[in-house]
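Please open the model in your viewer and keep the sequence panel beside it. The stops below say what to select next and what is to be found there.

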Amino acid sequence: MMASEQTPLRVAAKYLSLSGTSAYHIEDETLHVEVEEIANLRSTGNTSGTLSLEMWALSEPYSGGDFRGYQVGATEIGELSGQHHLNNCRFTMPIRTPAEGQWYLVLMLREWENGAYVTRDHISFPQPVKAQYKLVLSLDGLPAVYRP
């Protein structure tokens, strides 16, 4: 992970957020994610729980609440002090290909709380993606699955 040092925030709007431009691209078996800002807008001294940035593949566009899908990639960020933020973050993580089909990708900021991660903010990517598998033959003649 490459991110700038934590710096104080000037104005608070909500408590944990993803802000600004976010993007991703897939290269070989690696997911590259860029986030302009990750912020903890809680009061000074109110440090977050452990944060995780996760990319999920869902069968429908996500607008909040419960969800079911495939976790495509994840990276632990650590804790973030209240009234601080990280700018111009770049993350790389191994990609896990979801089942074959059409998926909507959503980037989630999740916080560890009471033994589980809870979604605090998200960015939905509107363009669906397709996961496909190709059948190839192994050396012993038995079929094997290849994930491009």
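Which polar atom lies 2.8 Å from the backbone nitrogen of Leu18? Select Leu18 together with Asp121, and you will find that the partner is a polar atom of the Asp121 side chain, at 2.8 Å from that nitrogen. Asp121 belongs to strand S8, residues 116-124, and with a relative accessible area of 9% Asp121 is buried.

Before going further, colour the chain by pLDDT, since this is a predicted model. The mean pLDDT of the protein chain is 86, and 80% of its residues reach 70 or more. Two stretches call for caution: over residues 7-13 the pLDDT stays under 50, although the model has 17 contacts there beyond four places in sequence, and over residues 143-148 the pLDDT is likewise below 50, with 16 contacts beyond near neighbours in sequence. Where pLDDT is low, the predicted coordinates should not be read in detail.

Next, show the side chains of Val33, Ile38, Leu53, Met55 and Ile77, which touch the most other members of the largest nonpolar core, a set of 25 residues. To see where this core draws its residues from, select strands S2 (16-27), S3 (30-40), S4 (51-58), S5 (69-78), S6 (84-94) and S7 (101-113), each of which supplies at least two of them. In soluble globular proteins, nonpolar side chains tend to be buried together. A second, separate core has five residues, among them Trp56, Leu58, Tyr62 and Met108.

Stay with Trp56 and Tyr62 and add Phe67, because ring pairs link Trp56, Tyr62 and Phe67 into a cluster. The count of aromatic pairs in the model comes to five.

One of these pairs is formed by Tyr24 and Phe125, whose rings meet edge-to-face, 4.9 Å centre to centre and with 75 degrees between the planes. Tyr24 lies in strand S2 and Phe125 in the loop between S8 and strand S9 (129-131), so the pair ties together parts that are 101 residues apart in sequence. The two partners differ in their surroundings: Tyr24 is partly exposed, with a relative accessible area of 25%, whereas Phe125, at 13%, counts as buried.

For the last stop, select Trp112 and Tyr117, where the ring centres are 5.0 Å apart and the planes stand at 75 degrees, so this pair is edge-to-face. Here Trp112 is partly exposed, at 42% relative accessible area, and Tyr117 is partly exposed as well, at 25%.

Key
Residues numbered from 1 in each chain as written. Heavy atoms only, no water. pLDDT = per-residue confidence, 0-100. Contact = heavy atoms within 4.5 Å. Core = buried A, V, L, I, M, F, W, Y, C linked by side-chain atoms within 4.5 Å. Buried < 20%, exposed > 50% of the residue type's maximum accessible area, 1.4 Å probe, protein only. Helix = DSSP H or I, 4+ residues; strand = E, 2+ residues; numbered from the N terminus. Polar contact = N/O pair within 3.5 Å; in protein donor to acceptor, adjacent residues only side chain to side chain. Phe/Tyr/Trp six-rings, centres within 6.5 Å; stacked < 30°, edge-to-face > 60°.
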